[in-house]
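I sat down with this one and a cup of coffee, and kept notes as I went. Here is what I looked up, entry by entry.

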Amino acid sequence: MCIVPGRPLYRVPNPSIIVLLLFSRLLYSTSASTDFAQCLQDIQQGKFGPNAGVDNYGRPVSNISLATAIPYEMCVTACGGGPEAFTWSDFSNQFSAWLLPWLALLSQLPFGANDKLENFLVVVLTIGSPVLAAYSAALTVLNGRWIVRRFSGSTYPNTYRAIRTLSSLQQAPIQLDFDREVLLPSLIVLPENDYWWKDLLEHLNYTHTWSISAATSIAWVFIAYLFTVIQSLSDVLQGVEVNGQAVGSVWLWLLPVVIAWLQISPKCDSIRVADALRRANNIAYVATHTGIRRRASQLGNHHAISLREDYDPLYNDERCTSPIYNYARLFSWTAVVEEISGYFYEATRRSHLFQPVASEMEWLPSDRNGVMRDENRIGNATEVISYCLPFFPRRYQWGSGVWGRIIIASILALILQWGTTGAAIFVVWETPTRGLGCRSGSYLIYASLSTVVWALLLLSSVLARYSTFDYESRDPREIEKHHVRANLAGTMSIFTRRVGKTLAAMNATWILATCIFQFSAFFDRCYCDSSALGLGAANAFNVIQFTPEDLESMRGSWIGGVFLAVGCAAIYVGFINICINPHIPPSIRRE
């Protein structure tokens, strides 16, 4: 479970208030009197003068009866500034075809927290920042490849299990205990701890992957999207102002993210992860100075690997086992893996030199199957520690290769977000009146805030890591300055995380409200239809009657938008499929 004592109360907009406001808006728009078709007829009949109408490019017409568009200021005067009347049939059809399948697909996201509020916040954060959701999924896959390369030089017993186990613990706030330095070397060297690695891997080997319900949900969403796209392209003029073509593109990011998590199968059930580690730690052995191996649980409450359970708000996201928070665990998880892999590598090096753990013993050859004899792996505490410690330990403050993985995951996430939302913006932009309007502006704000949220939370994780750095100096003043900087970084980390999550909640509310406004004809008013936001009030005009050229252009733009959105989603899914389940070298024996 996510242990977050002292967690700030983010001001997530109350859903009941949102529903009430939207419902009141629908009641108002039902009684609205704006009728653009009738308004255009009045313009064409000359009721507002011979210069009241323009063509679909905003140019004056020689004969007012040929007008197909109305200048924005004249539109407000002749038609009114309100929206067209709300039509329930249009709203229900568009909502059920373009938005409802995506909302249903949210149930297939991996949650992990055994708390309804925490799981709800995961949904809010996912909708509020698709960049963060896609980034965490891509980062998880890249971490899986990196850990295989990190252990590639090790052939010591349990190397394969260590790779699988540590990769599965990406969703857990794991930490190492250095208070008793013999714990971790004992876990790697002692033959009794083979059962520790085996037991932990077995209890972590549960899956959140493809099921009939998951496959059905994904197939339903994809087929519904495909059919609605075909339907909208076959009749472009049908409900063009409330059409959900752009809405389908702006939500398309969810499909590859869900597919990615189902393929990754993250071990994120907080109770099961904690129980698996507790069971394994109960059977862990530790070397003593007398050479007798004893259960670590009999010597105290210290364990080589454990879950972080402190109450520092700096680690709130790190303690949450939901996979979307993998961004917060990158640096700490990498540090744990590097420490353990370094011990495995040194033990491998010594075993290749036929050096047993006990200095007074002779190396015994492996059996006919190439399995190292247990006698080569036992010794007292001092010998076990020295067997795993490298002569020249390499310490990385940030972790090796983290920035490369961050950059690649960021590029993929941004391509997915801006490819799908950019397609939605393009579709609306190219629908006359062309330009930046209420609909395209709303999608632009959504993608921009999603990117800002991701950037703030990524910055928060960097600051949190910096606040934990040790600083060695003979000058007490320099040490004091470092502590001040570290405390400031920790405070800024908490602040940026809270701001980011608040913006994510606002952004999730924004995109849901935008979709409702699109389907309910709220945007079907002079200001929005005239693209006055981008063209300006003086140059804006409302195209009411489309020409055959407009229809062909719209159809081509809509097809291009679909290909752009689907293409970016395919790039993301393709990357996940190429990089997932990396090849483990044959030199690493699979126990």
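**Entry 1: getting the terms straight.** Before using any helix labels, I noted that helices are DSSP runs of at least four residues, numbered from the N terminus. I also reminded myself that this is a predicted model.

**Entry 2: an odd peptide bond.** With the labels sorted, I went to Thr433, which sits in the loop between helix H18 (402–429) and helix H19 (438–466). I checked the bond joining Pro432 and Thr433, and it is cis, with omega about 5 degrees. I flagged it because most peptide bonds are trans.

**Entry 3: another residue of that loop.** Gly435 also lies in the loop between H18 and H19. Is Gly435 buried or exposed? Its relative accessible area is 8%, so Gly435 is buried. I then listed what Gly435 touches, skipping residues up to four places away in sequence: Trp429, Ser440 and Ser531. I also checked Gly435 against Asn51, 384 residues apart along the chain, and their C-alpha atoms are separated by 23 Å.

**Entry 4: stepping back.** I wanted the overall picture next. I counted 23 helices and 6 strands in the chain. Its C-alpha atoms fill a box of roughly 110 × 55 × 35 Å along the principal axes. The chain has 591 residues, and buried ones make up 55% of them. I looked up the exposed area too: about 25900 Å², with carbon and sulfur atoms supplying 60% of it. For contacts between residues at least 6 apart in sequence, I found that 82% join residues at least 24 apart.

**Entry 5: positive phi angles.** I went hunting for these because most residues other than glycine have a negative phi. Asn158 has a phi near 80 degrees, a positive value. I placed Asn158 in the loop between helix H6 (130–150) and helix H7 (159–168). With a relative accessibility of 1%, Asn158 counts as buried. My other find was Phe354, with phi near 60 degrees, again positive in a residue other than glycine. Phe354 is in the loop between helix H16 (326–352) and helix H17 (381–388). Unlike buried Asn158, Phe354 counts as exposed, at 54% relative accessibility.

**Entry 6: a look at Val273.** I picked Val273 in helix H13 (residues 270–282). Its relative accessible area is 2%, so Val273 is buried. Which residues is Val273 in contact with, leaving aside neighbours within four places in sequence? I wrote down Leu169, Ala172, Leu204, Tyr206 and Lys267. Val273 and Trp398 are 125 residues apart along the chain, and I got 26 Å between their C-alpha atoms.

**Entry 7: a nonpolar patch.** On the surface I found a nonpolar patch of about 500 Å², made by Phe222, Ile223, Leu226, Phe227 and Ile230. I looked closer at Leu226, which is found in helix H10 (residues 212–234). At 39% relative accessibility, Leu226 counts as partly exposed.

**Entry 8: charges and salt bridges.** I counted 45 positive and 45 negative side chains, and the centres of the two sets lie 6 Å apart. Side chains of opposite charge can pair when their charged atoms come close, so I searched for pairs. How many salt bridges does the whole structure hold? The search gave me 12.

I took three of them in turn. Arg59 and Asp55 meet in a salt bridge at 3.0 Å, N to O. Arg59 is partly exposed, with a relative accessible area of 48%, whereas Asp55 counts as buried at 16%.

Next came Arg350 and Glu346, with their closest N and O atoms 3.1 Å apart. These two are 4 residues apart in helix H16, which means they are separated by about one helical turn. Both Arg350 and Glu346 are buried. I also noted a network of salt bridges linking Glu346, Arg349 and Arg350.

Last was Arg439 with Asp529, where the closest N and O atoms are 3.2 Å apart. This pair links distant parts of the chain: Arg439 is in helix H19 and Asp529 in helix H21 (residues 526–529), 90 residues apart. Arg439 and Asp529 are both buried.

Conventions
Residues are numbered from 1 along each chain as its sequence is written. This is a predicted model: local features need pLDDT of at least 70, side-chain atom pairs count only at pLDDT 80 or more; totals for chains, interfaces and linings use all residues. Side-chain values use heavy atoms; hydrogens and water are left out. Patches are made of residues with over 30% relative accessible area and no salt bridge: like charges are joined within 9 Å, nonpolar side chains (Val, Leu, Ile, Met, Phe, Trp, Tyr) within 5 Å. Accessible areas come from the Shrake-Rupley method with a 1.4 Å probe; for residues, only the protein chains shown count as cover. A salt bridge is a side-chain nitrogen of Lys or Arg within 4 Å of a carboxyl oxygen of Asp or Glu. Buried means under 20% relative accessible area, exposed over 50%, partly exposed in between (1.4 Å probe, protein chains only). Contact means heavy atoms within 4.5 Å. Lys and Arg count as positive and Asp and Glu as negative; His and the chain ends are not counted. The place of a charge is taken as NZ of Lys, CZ of Arg, CG of Asp or CD of Glu.
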